[in-house]
Amino acid sequence: MSDTLKIGDQELNSRLFLGTGKFSSSQAMIEAVKASGSELVTVALRRFNRAQAEDDLYGPLAELGNVRLMPNTSGAINAKEAVRAALLGRELSKSRIVKLEIHPNPHHLLPDPIETYEAAIELVKQDFLVLPYIPADPVLAKRLEDVGCAAVMPLGAAIGTGKGLSTADMIKIIVRDANIPVVVDAGLRAPSEAAAALEMGCDAVLVNSAIAVAENPAGMGAAFKIGVEAGRAARLAGLMPTSEVAMASSPLTSFLSSND
Amino acid sequence: MTPASLPNWLDPEQWLPNTESTDKNAIRSAILSENPTERELALMLSPAAGEFLELMAQRAQAITRRHFGRTISLYTPLYLSNFCNGGCLYCGIAGDRRAKRAVLDETQLRHEMQAIQKMHFEELVLLTGERMPEADVPYLRDSIAVAAEYIHNVNIEVFPMAESEYRTLAEAGCTGMTVYQETYDQTVYEKMHRWGDKRDFFSRLNAPDRALRGGLRTVGIGALLGLADPKFDMLCVYRHAKYLQKNYWQAGVSVSFPRIRPQLGGFAADHPVDEKMLAQFIFALRICLPEIPLVLSTREAPRVRDGMAGLGISKMSIASKTTVGGYSGDSEESTEQFSISDERNIPEFCNMLCAKGLEPVFKNWDSTYRDPAHYEKP
């Protein structure tokens, strides 16, 4: 049975998306992308280097045939800048997918819900597939769905902190209510956390620091691939419900339906 | 005249006793603390904490890696002018030094920018001396506009100015400014700055506020290590950074560690800071300011820079010329502000970073974002 992930008109076999910053070299990044099996990677427009200098990320990624590029607007501090960045990103990448990312505080990099909402409305109008990076706020997630976003990307924890699914309770509500894919973005440290996100019904995860900063990024990319696949398989197989009390495995009331 | 007291948000008085602590258990706990404050910083700045340098380095590296990844951002300085009437006792281009003075005209600036562009830099700091007719705000505005034609991220390290002047520069394409307080010790400050506008301690202290209100996005601060008690100055730098973060929540704040090199002639530091102390201060600040870029320039020797890259330090200058017209070499020879110690070219420096598993990042910002910022509600 095929289990492709559909985001707008895009179909993906891998539910692991990768960020491309923070790696020790573009070679290390490419090897990690390959090992992870990811088909969608995000690249910051601010890292796109016209001069094709040593730190250019677009060039090496473009050579990976099966990987789609999702430019992101990281660095924008308001809706106006994010829209401009998205337009430039589309021109450079020829991709209409955009990770909408507005974090006006350059230190903790937490997303601005108000500017993100305004930018999403404009970008949807301009025919982008908009994937906004947002606080794990169930109301905001629905508001963004209502204005036509292709998916929502709530954070598990602040970028780069590795604190895992610290917003799990809110993410569960987002998943329960969403009619569009939910992608956990930011905060994940271990493949087991990626598995947990997929088990709880998230459609995909986006990982950067955990892979880039690992001792062996390609090895960690491969490990996240397994984590995501395990979590998704478990979700499809149907996890047993949790309970506060013990449940007898033989029913206690079967005598009531017996005819003897 | 007794100097006016430091504002409450800055004054580190109450934590100074901790900078003399010899309580090893307290120092060790401070280094390992999850939420360090002034109290822990002061302990980490103490001479006794020197014994824990390796532990501090390991913490600093882990934090730097988590927040900045395995990367080092690169930039280069460009001296527009070394005309100066300043009275800084420690400076090579102060007004009373017999210095060869020069200022770049537009054609020379374009040659410099072409040379810098060929080196692939996308982040630049334009420098001048104190406010002079040769290099005033209109001159800076025009120079910024020219530089912004060539590269994405244009910053300044010049003289403090008014909010409206900063706005003029922001509108011309300037994204950030650096102003070192030099020292937060007002008595020493007064002794070091013999005349001129720079004698106004508080005007300089509040320059980052004016710059941010004027629409710049980033501010860099620092103390010139060696002028006064460095433990006092490091506590003030930390408190200054925290103050800016709290009051301008959208602003990028960075901290640099310029140091008076003991072995360079001319000016002897009253409070010399050796390499181990410098490293200790950088580690301590990294542990207490995990998200803030920490900068180390080519004033330091290659051995120190190579060792510190990624150990707290997340941003470095390279291929720096501290003379006016130094990049294209087509201007007359001028006196340098200070001697650089790391004279490697870009490939040499980048090879070193790559060998250490660090990616050199030239571009980390895009000119598409180049509007003046608005930190306050209209």
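**Figure 1. A:Gly187 in the loop between β9 and α7 of chain A.** In this predicted model, A:Gly187 has 25 C-beta neighbours inside 10 Å and therefore counts as buried, the cut-off being 20 or more. Leaving aside residues up to four places away in sequence, A:Gly187 touches A:Leu155, A:Gly156, A:Ala157 and A:Ala158. Its contacts also include A:Thr161, A:Gly162, A:Lys163, A:Gly164 and A:Ser166.

**Figure 2. A:Ala186, in the loop between β9 (183–185) and α7 (191–199) of chain A.** A:Ala186 has 28 other C-beta atoms within 10 Å and is buried. When residues up to four places away in sequence are not counted, A:Ala186 is in contact with A:Leu155, A:Gly156, A:Ala157, A:Ala158 and A:Ile159. A:Leu155, A:Gly156, A:Ala157 and A:Ala158 are likewise touched by A:Gly187.

**Figure 3. Residues of chain A that UniProt lists under "binding site".** The unreviewed entry names A:Gly160, A:Ala186, A:Gly187, A:Asn208 and A:Ser209. These residues span 50 residues in sequence, but no two of their C-alpha atoms are more than 9.0 Å apart, so they gather at one spot. Two of the listed residues, A:Ala186 and A:Gly187, are those of the preceding views.

**Figure 4. Chain A as the setting for these residues.** Chain A contains nine helices and 10 strands. Its radius of gyration is 20 Å, close to the 18 Å that the globule rule gives for 260 residues, so chain A is as compact as a globular protein of that length. Along the principal axes, the C-alpha atoms of chain A fill a box of roughly 85 × 40 × 35 Å. Of the 260 residues, 52% count as buried. Among contacts in chain A with a separation of 6 or more, 63% are between residues 24 or more positions apart.

**Figure 5. The side of chain A that touches chain B.** Here 30 residues of chain A are in contact with 30 residues of chain B. Helices α3 (79–93) and α8 (209–212) of chain A each supply at least two residues to this side. The largest share, four residues, comes from α3(A). By residue type, the side of chain A that touches chain B divides into 12 nonpolar, 11 polar and seven charged residues.

**Figure 6. Strand β1 (residues 71–79) of chain B, a mostly covered strand.** Nine of the nine residues of β1(B) are buried. On one side of the strand these are B:Thr71, B:Ser73, B:Tyr75, B:Pro77 and B:Tyr79. On the other side they are B:Ile72, B:Leu74, B:Thr76 and B:Leu78, and both faces are thus covered.

**Figure 7. Strands of chain B that pair with β1(B), among them β9 (residues 359–361).** β1(B) and β9(B) are parallel and pair over three bridges; B:Ile72 stands opposite B:Pro360 of β9(B). Strand β8 (residues 315–317) of chain B also runs parallel to β1(B) and is joined to it by three bridges. Within β8(B), B:Ser317 is the bridge partner of B:Tyr75.

**Figure 8. From β1(B) to β2(B) by way of helix α4 of chain B.** Four bridges pair β1(B) in the parallel sense with strand β2 (residues 123–127) of chain B. B:Tyr79 has B:Leu127 as its bridge partner in β2(B). Between these two strands the chain passes through α4 (residues 106–118), making a right-handed β-α-β crossover.

Technical notes
Residues are numbered from 1 along each chain as its sequence is written. Chains are lettered from A and ligands numbered from 1 in the order in which they are written. This is a predicted model: local features need pLDDT of at least 70, side-chain atom pairs count only at pLDDT 80 or more; totals for chains, interfaces and linings use all residues. The radius of gyration is taken over C-alpha atoms; the globule rule is 2.2 Å times the number of residues to the power 0.38. A residue is buried if 20 or more other C-beta atoms lie within 10 Å of its own, exposed if 12 or fewer, and partly exposed in between; C-beta atoms are placed from the backbone. Two residues are in contact if their C-beta atoms, placed from the backbone, lie within 7 Å. Two strands pair if DSSP finds at least two bridges between them. A crossover is right-handed if, with the strands pointing away from the viewer, the path from the first strand over the helix to the second runs clockwise. Ala, Val, Leu, Ile, Met, Phe, Trp, Tyr, Cys and Pro count as nonpolar, Asp, Glu, Lys and Arg as charged, and the others, Gly among them, as polar. UniProt positions are given in the numbering used here, feature names are shortened, and annotations may be inferred rather than shown by experiment.
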